[in-house]
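Colleague: I'm new to reading protein–DNA models, and I'd love some help. Could you walk me through one?

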Protein chains: 2
Amino acid sequence: MSPTPQVKRLQPVDVSAQTTKTRILDAAEELFMEHGFEATSLRLITTAAGVNLAAANYHFGSKEELFQAVLTRRLDPMNRQRMDLLETFEAAAGSKPLTCDKILSAMFIPALKLARDKETGGKNFLRLLGRAYADPAPFIRDFLSQQYHDMIARFRTAFAKALPHLPKDELSWRLHFVMGALSYTLAGSDVLKMIAQYQPAEADNDELLLSRLAPFLAAGLMAPVTTSGSVHRMFQESA
Amino acid sequence: MSPTPQVKRLQPVDVSAQTTKTRILDAAEELFMEHGFEATSLRLITTAAGVNLAAANYHFGSKEELFQAVLTRRLDPMNRQRMDLLETFEAAAGSKPLTCDKILSAMFIPALKLARDKETGGKNFLRLLGRAYADPAPFIRDFLSQQYHDMIARFRTAFAKALPHLPKDELSWRLHFVMGALSYTLAGSDVLKMIAQYQPAEADNDELLLSRLAPFLAAGLMAPVTTSGSVHRMFQESA
DNA sequence: GCTAGTTTCAAACAAACGTTTGAACTCCTT
DNA sequence: AAGGAGTTCAAACGTTTGTTTGAAACTAGC
């Protein structure tokens, strides 16, 4: 009846073997992505991971801490890569300011690397990240704003050098739009069908997707500053 | 003991008086916005509305149907206004194609009207809409894609006329980015603090917010088409 | 002023939730 | 081989969830 105890270990020293902890993380990553935080139960996660229900609380403490662990696992290295890459670009450019495209590529390339390196996990994570960005739960928003704080500050100063004519507050807004469009695009993948019915084969190709997003955002960042009240004027005319 | 029955009716014919149904809708709009769909219980909604718990199921059938009713109440008229306004602009322009700014304003102005007309409900709804756009729940995504279908199709042809040089699939992507940035910006309001710490007083001013978003998006829409593989090249260089 | 139809109400329903518990089991050290 | 820390397990905990129920309250029409 006992499950063949004479088999001592099939892969005895494989450190990267699917431990209970990583099995939970992987399953949670996929399910949180698919259904969101609230709609995903620990029972669903542990069943998908093939582990006992109590293992989730044992290894991570609570459901919220598990969610944060899922995010940290990949977000932390990715943001570090982004800052490192930006620094590399700046060092290569010497005293000259970087172009917007170059700075944007420092944001996008680590995301692309993540999407292609790990076969399934990477793409799942980017989608999960995009959705977490829009989640109203305070503990998610607080966690993300803390995780992103350094990276955003770093890129803001880089963009400020690239766009010296732009007022500081205007730059902050545009940076906000950039992060929004990026998150939303990553989270998409089915709202996407609503607008772009063409070439469904490329819908899964994150690289082509970001190669279209980058020029769009670069142009937006470099747009001339509008005189305030122009939309207000438009509104008055048509009301 | 009875609540002053001799007062026949204070506002006897006020059709817009707070009926149970609209009280539930108003409370649900605010609470769904604040906590999301899954994290908002019917008990929370009915308590906030000051009505009995069973009233929600009695008037709307289920929680999902209540959510859809909340969305339809304002989304339907807003999208109709958007299409009407676009038609007005096109009629005024005669045979000449509209500018991107003009088309974008046809998208934004009805949203602005909604945000300012009804004191609190409007802003709540825009935020709720932005969050619903990122919600993974299938019934929400299906509902929204159906609600937006006609409007998106209408604006796509308008943009196609304004940007005849743009390939059709490229336009679809950019339209996707526009909707994403718009939704995300409307949903923001606290992720916002993460990036734009300046002028917190204007953080609540949707008009100024959209007046900054519109030029950003117009520039993105009019960006030159990039040769494919440029991001791929960037990636290869830095890897 | 009674009746038929609509709405409100308190109470209960089964199901699912996150978390805890204490015993069983595994594996490494001594 | 024994012991002990680390891990897994089935079972149960108390809440909370969306929804249903049947009686009470209300609002008309005749």
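Modeller: Happily! Let's begin with a polar contact, which is a pair of N or O atoms within 3.5 Å; within protein, one must be able to donate a hydrogen and the other to accept it, and residues adjacent in sequence count only if both atoms are side-chain atoms. Here, a polar side-chain atom of Thr20(A) lies 2.3 Å from a phosphate oxygen of DNA strand D. This is a predicted model, where local features need pLDDT of at least 70 and side-chain atom pairs count only at pLDDT 80 or more, while totals for chains, interfaces and linings use all residues. Residues are numbered from 1 along each chain as its sequence is written, chains are lettered from A and ligands numbered from 1 in the order in which they are written, and side-chain values use heavy atoms, leaving out hydrogens and water.

Colleague: Which part of DNA strand D does the side chain of Arg43(B) approach?

Modeller: A base: an N or O atom in the Arg43(B) side chain is 2.8 Å from a base nitrogen of DNA strand D. His59(A), by contrast, has a side-chain N or O atom 2.7 Å from a phosphate oxygen of that strand.

Colleague: How many residues surround DNA strand D?

Modeller: A residue is near a strand if one of its heavy atoms lies within 4 Å of it. For DNA strand D there are 15, and the closest are Thr20(A), His59(A), Leu42(B), Arg43(B) and Lys63(B). Sugar and phosphate make up 46% of the atoms of DNA strand D that come within 4 Å of the protein.

Colleague: How do those residues divide by class?

Modeller: Ala, Val, Leu, Ile, Met, Phe, Trp, Tyr, Cys and Pro count as nonpolar, Asp, Glu, Lys and Arg as charged, and the others, Gly among them, as polar. The surface near DNA strand D has 5 nonpolar, 7 polar and 3 charged residues.

Colleague: And which residues are closest to DNA strand C?

Modeller: They are Arg43(A), Lys63(A), Thr20(B), Tyr58(B) and His59(B), out of 16 that surround the strand. Thr20(B) has a polar side-chain atom 2.3 Å from a phosphate oxygen of DNA strand C, and for Tyr58(B) the distance to a phosphate oxygen is 2.9 Å. Asn57(A) also places a polar side-chain atom 3.2 Å from a phosphate oxygen there. By class, this surface has 5 nonpolar, 7 polar and 4 charged residues.

Colleague: Now the helices. At what angle do H5(B) and H7(B) cross?

Modeller: Helices (H or I, at least four residues) and strands (E, at least two) are DSSP runs, numbered from the N terminus. Axes are lines fitted to C-alpha atoms, for helices over the stretch in contact, and angles run from 0 to 180 degrees between N-to-C directions. The axes of H5(B) (residues 100-117) and H7(B) (residues 138-162) come within 10 Å and cross at roughly 165°. Therefore H5(B) is roughly antiparallel to H7(B); angles under 35 degrees count as roughly parallel, over 145 as roughly antiparallel, 65 to 115 as roughly perpendicular and the rest as oblique.

Colleague: Which residues of H5(B) and H7(B) meet?

Modeller: Contact means heavy atoms within 4.5 Å. Cys100(B), Ile103(B), Leu104(B), Ala106(B) and Met107(B) of H5(B) meet Met151(B), Phe155(B), Ala158(B), Phe159(B) and Ala162(B) of H7(B). These divide into 10 nonpolar, no polar and no charged residues.

Colleague: What does the side chain of Glu90(B) make a polar contact with?

Modeller: The side chain of Arg154(B), at 2.4 Å. Glu90(B) itself is found in helix H4 (residues 63-93) of chain B.
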